[in-house]
Amino acid sequence: MTRRLVDTGPRGWLDIGSYARHGPGQRDRLSNAQVAFIARTVRRTPEVMIKMLNQGGRDLGSVARHLKYLDRQGELPIETDEGDPLKGKGVSKALLDDWDLELDAKRPPTADHKPRQMGKQPKLVHKMIFSMPAGTPPNKVLAAVKDFAREEFGAKHRYVMVLHTDEPHPHVHMVVKAMGYDGTRLNIRKATLREWRRQFAQHLRDHGVAANATERAARGVTNPQKQDGIYRAERRRDSTHWRQRTAAVAREMTPDGEIKPEPGKAELLETRRRIVRGWNEIAGDLAQQGQADLAQEVRRFVTQLPPVRTEREWIRDRMLEQAQGSERAKFADRWKQDALASWQVFRVQQQQAEQARLRELRHAGRNGLEKSRRNSRTHRDDRVR
């Protein structure tokens, strides 16, 4: 089955693998919603992000700590599902009591508790982040998240949210009670997140903010994504995962920067081939229905897709950029500097070994030539005698 890669909104998925065709009656005709979505994508409209924070949320202590982190120990207002912002010390404890999380923690597993989680404490809450790139008005991000939460969780699950503006990109932290009013537990799957991204982008557009929700592969994005714990450790500049991965790549690299190909590269290249073919077919459909300018934008978008890179190639390229003094890849983390230094030392050692080998060859060549000359003189002297 072909993987669907681009979400076009309420009318369904634009299946890149089937060249944007939706069956009889719509075979070569793209709807207005699809055309608008394609235009946003090829024009690089800012992409929304919804990130699940999977660590914690299974016991009262971790939930309380997370709420205290969100409201900065009572300094920031917490927006509730009841519409009243709460602020001040003791708010997190009051919320835990109001939500009856202690009772939820003592409940036995329910039928909708996933089998693979049996033996593990069910989640009391789900933690997530709604984010937009730097420059987006924070108040509009918060308003869009409020609209989303009201539609998605209203009268179903308790929830709170806090707007953070201490980083360049405005983001809203949301905490949703896992157990609903009707006793049904909230389970979040990949398809759920795809739909939530689409809804979040639509709410932002309703508030006048340009926003899009496209699959990474359809945009040509192959940069590695990591779990929340790795992401947070990276931000603290204390990621053992990236330290180990970078050191491994540094040891493997040849003096000219080559590394062994990875098995997953073939799958990435096949995905890219399907995407390029699909986008080209979309360009053809647009041209047929009189959208020549947008068709040209699609073709230009395809030519500007970033190169397909595996994680190791991505790390290698970053290291080479740093070695060449690239301004766009400054390594502020000490462990990256150490890994780069290790690779540079390794490269110098290889160059020195190669130079020593060449000297030995030249020395052996000179010795051979001198020996040949001596033999020639000896042979000539023998002939004279």
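Which residues point one way from E5, and which the other way? The legends below, drawn from a predicted model, take up this strand and then other parts of the structure.

**View 1. Strand E5 and the two directions of its side chains.** Val 125, Lys 127, Ile 129 and Ser 131 point one way from E5, while His 126, Met 128 and Phe 130 point the other way. Residues of both sets are buried. For the strand as a whole, which spans residues 125-131, 7 of 7 residues are buried, and E5 is described as mostly covered. In a regular strand the side chains alternate between the two faces of the sheet.

**View 2. The open sheet and the order of its strands.** The sheet is open and has 5 strands, in the order E3-E5-E7-E6-E4, with antiparallel pairing. E3 and E4 are the edge strands, and each of them pairs on one side only. Strands of a sheet pair through backbone hydrogen bonds, either parallel or antiparallel.

**View 3. E5 between its two partners.** On one pairing, E3 and E5 run antiparallel and share 5 bridges. Within this pair, Lys 51 has Ile 129 of E5 as its bridge partner. E5 also pairs in the antiparallel sense with strand E7, residues 171-177, over 7 bridges. In that pair, His 126 stands opposite Val 176 of E7. The two E5 residues named here, Ile 129 and His 126, point opposite ways from the strand, and both are buried.

**View 4. The edge strand E4 against E6.** E4 and strand E6, which covers residues 159-164, pair in the antiparallel sense over 2 bridges. Thr 80 has Val 160 in E6 as its bridge partner. E4 is one of the edge strands of the sheet.

**View 5. Ser 62 in helix H2.** Ser 62 belongs to helix H2, residues 60-70. The side chain of Ser 62 reaches the backbone nitrogen of Gly 57 at 3.1 Å. Leaving aside neighbours within four places in sequence, Ser 62 is in contact with Gly 56 and Gly 57. Ser 62 counts as buried because its relative accessible area is 11%, under the cut-off of 20%.

**View 6. Arg 44 and its positive phi.** Arg 44 is found in the loop between helix H1 (32-42) and strand E3 (49-53). Its phi is near 60°, a positive value in a residue other than glycine. With a relative accessible area of 42%, Arg 44 is partly exposed.

**View 7. Arg 72 and its positive phi.** Arg 72 lies in the loop between H2 and strand E4 (79-80). Although Arg 72 is not a glycine, its phi is positive, at about 50°. Arg 72 is partly exposed, since its relative accessible area is 24%, a value in between the cut-offs of 20% and 50%.

**View 8. The largest cavity and its lining.** The count comes to 2 cavities of 30 Å³ or more. The largest cavity has a volume of about 40 Å³. Its lining is made up of Asp 104, Arg 107, Gln 121, Pro 122, Lys 123, Leu 124, Met 179 and Arg 185. By class, the lining of the largest cavity has 4 charged, 3 nonpolar and 1 polar residues. Rolling a probe the size of a water molecule over the atoms shows where empty space is left.

Technical notes: Residues are numbered from 1 along each chain as its sequence is written. This is a predicted model: local features need pLDDT of at least 70, side-chain atom pairs count only at pLDDT 80 or more; totals for chains, interfaces and linings use all residues. Side-chain values use heavy atoms; hydrogens and water are left out. Helices (H or I, at least four residues) and strands (E, at least two) are DSSP runs, numbered from the N terminus. Buried means under 20% relative accessible area, exposed over 50%, partly exposed in between (1.4 Å probe, protein chains only). A polar contact is a pair of N or O atoms within 3.5 Å; within protein, one must be able to donate a hydrogen and the other to accept it, and residues adjacent in sequence count only if both atoms are side-chain atoms. Contact means heavy atoms within 4.5 Å. On a 1 Å grid over the protein atoms alone, a cavity is a set of points where a 1.4 Å probe fits but cannot get out, and a pocket is an open set with protein on both sides within 12 Å along at least five of seven lines; lining residues have an atom within 4 Å of a point. Grid points are joined across faces, edges and corners, and a volume is the space filled by probe spheres set on the points. Ala, Val, Leu, Ile, Met, Phe, Trp, Tyr, Cys and Pro count as nonpolar, Asp, Glu, Lys and Arg as charged, and the others, Gly among them, as polar. Two strands pair if DSSP finds at least two bridges between them.
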